[in-house]
Amino acid sequence: MDLSSYINIIKNSGVVAFPTETVYGLGASAWDAVAVKKIFEIKGRPPDNPLIVHISSKEQATDFASYIPPSAQLLMDTFWPGPLSIILPKKSKVLDLITAGLATVALRMPDHPVALSFISQAGPLAAPSANRSGRPSPTKAAHVKADFGDDFPVVESEAARVGLESTVVDLSGDVPVILRPGSISRRQLEQCLQTSVEEFYADQNEKPRSPGQKYSHYKPEARVRWLDDNEPTSDSSTLYVLVSRQAAGPNILAYENDLKRMAAELYDRFRQADIEGFKTVAIESFSDKADDIAAALYNRISKAVQ
Ligand code: TXA
Ligand code: MG
């Protein structure tokens, strides 16, 4: 199918998966309640978990946000298009289905030529990651098909470049707060805004400010655990993911401190581990401050380990 067929599906209240630089999204027209409802049904997504609205220009933000503070403008000018979702107070016409009844809306302009072309023609798209709830986010078109079937409409493109979901930053309050770490780091946001940025990743004991944080994500069927220091990499039913340690073997992946590449491949490795029948994925730990993607990568692995 060509892009115009997918645009037609969106215009007829359908749902289409599309590529972005982070992970594939499951898109529906942001102004179409019938279509947005289908996203929740297809994904099996709890209705209290809001969706990000994907736009193709900064100007479109004003259709959804009731107020764009100077800090938001600065972040948009610096990081858009890119893997940063910005939470702002919403206009009343924004569908409650998208925001799960919250007074805010999350907006993102993806850094992907196909996504931008698709959105500019189909209109703004409400889109979560295009995985079945509870499965790792899809970084390849094949992952979407594995979750939703071979006939599911997917605008195909290459493997996602970043591989982890966008940084979610809440600018609706007095201080900027990161609700989900992503490849755009706290350091980068603070440097841009020239102010301190807080982090609030809810664990199970707290009331989550970003509802998605309370749901378990990113898990393969195999058990994911941290590798112990000095633990041998000799069990054939375990897939070993090494950061700085060096070893070779059919079930050993050594990333030589390249956390960016590890992030890009993580969800595909999780899915592949299941396909190849590994019982365990053991991952060497690392500092979550090692580089800009480290906090996000550490966060996603920690969630899979829980
Ligand atoms: O990179 C990404 O962000 C990908 C691609 C497709 O753009 N999308 C994605 O969407 O990861 P999803 O639905 O899987 O995650 C969206 C996260 C959830 O944790 C949700 O709770 C949070 O953003 N979120 C959305 N709107 C929010 C709001 N108004 N207030 C707080 N959190 C919000
Ligand atoms: Mg998701």
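**Notes on the predicted model**

1. Let's start with one residue. D111 sits in the loop that runs between β5 (104-108) and α6 (113-122). Keep in mind throughout that this is a predicted model. With a relative accessible area of 33%, D111 is partly exposed.

2. Who does D111 touch? Setting aside its neighbours within four places in sequence, D111 is in contact with E21, P81, G82 and R161. Have a look at R161 in particular: its side chain makes a polar contact with the side chain of D111, at 3.1 Å. The two residues are 50 apart in sequence, and their C-alpha atoms lie 9.9 Å apart in space.

3. Now step back to the whole protein. Its secondary structure comes to 10 helices and 13 strands. The radius of gyration is 19 Å, close to the 19 Å that the globule rule gives for 306 residues, so the protein is as compact as a globular protein of that length. Along the principal axes, the C-alpha atoms fill a box of roughly 55 × 50 × 35 Å.

4. A few more overall values. Of the 306 residues, 55% count as buried. If you take the contacts with a separation of 6 or more, 64% of them come from residues 24 or more positions apart. The accessible surface is about 13,200 Å², and 48% of that belongs to carbon and sulfur atoms.

5. Helix α6 comes straight after the D111 loop. Which of its residues are buried? They are A115, L116, F118, I119 and A122. These cover an arc of only 165° around the axis, which puts them on the same side of α6. As background, an α-helix has 3.6 residues a turn, so residues three or four places apart point the same way.

6. What covers that buried side of α6 includes α1 (3-11), β1 (16-18), β3 and β6. Just after the helix, G123 takes a positive phi of about 95°.

7. Helix α2 (residues 33-43) can be read in a similar way. Its buried residues are A35, V36, I39, F40 and K43. They cover an arc of only 150° around the axis, which is why they are on the same side of α2. The face turned away from that buried side carries the exposed residues V34 and E41.

8. What do the buried residues of α2 pack against? Their partners are β2 (25-29), α5 (96-99), β6 (125-127) and α7 (141-148). Strand β6 also appears in the list of elements covering the buried residues of α6.

9. Both ends of α2 are worth a look. D32 caps the N-terminal end, with a side-chain oxygen lying 3.1 Å from the backbone nitrogen of V34. After the helix comes G44, whose phi is positive, near 70°.

10. On to the charged pairs. Side chains of opposite charge can pair when their charged atoms come close. How many salt bridges does a search of the whole structure find? The count is 18. One of them joins K58 and D77, whose closest N and O atoms are 3.1 Å apart. This pair links distant parts of the chain: K58 is in the loop between β3 (52-54) and α3 (61-64), D77 is in helix α4 (residues 70-79), and they are 19 residues apart. K58 counts as partly exposed at 27% relative accessibility, and D77 counts as partly exposed at 43%.

11. Another salt bridge brings together the side chains of D147 and R135, at 3.1 Å from N to O. D147 lies in helix α7 and R135 in the loop between β6 and α7, so the pair ties together parts that are 12 residues apart in sequence. D147 is buried, with a relative accessible area of 6%, whereas R135 counts as partly exposed at 24%.

12. The loop between β6 and α7 also holds K140, which forms a salt bridge with D268 in helix α9 (residues 259-275). The closest N and O atoms of this pair are 3.3 Å apart, and 128 residues separate the two in the chain. Is D268 buried or exposed? At 15% relative accessibility, D268 counts as buried, while K140 is partly exposed, with a relative accessible area of 33%.

13. One last set to pick out in the viewer: D258, R261, E265 and R269 are linked in a network of salt bridges.

How values were computed. Residues numbered from 1 in each chain as written. Chains lettered and ligands numbered in written order. Predicted model: local features only at pLDDT ≥ 70, side-chain atom pairs only at ≥ 80, totals over all residues. Heavy atoms only, no water. Buried < 20%, exposed > 50% of the residue type's maximum accessible area, 1.4 Å probe, protein only. Helix = DSSP H or I, 4+ residues; strand = E, 2+ residues; numbered from the N terminus. Arc of directions from axis to C-beta. Contact = heavy atoms within 4.5 Å. Polar contact = N/O pair within 3.5 Å; in protein donor to acceptor, adjacent residues only side chain to side chain. Salt bridge = Lys/Arg side-chain N within 4 Å of Asp/Glu carboxyl O. Rg over C-alpha atoms; globule rule 2.2 N^0.38 Å. Areas by Shrake-Rupley, 256 points an atom, 1.4 Å probe, with all protein chains shown as cover.
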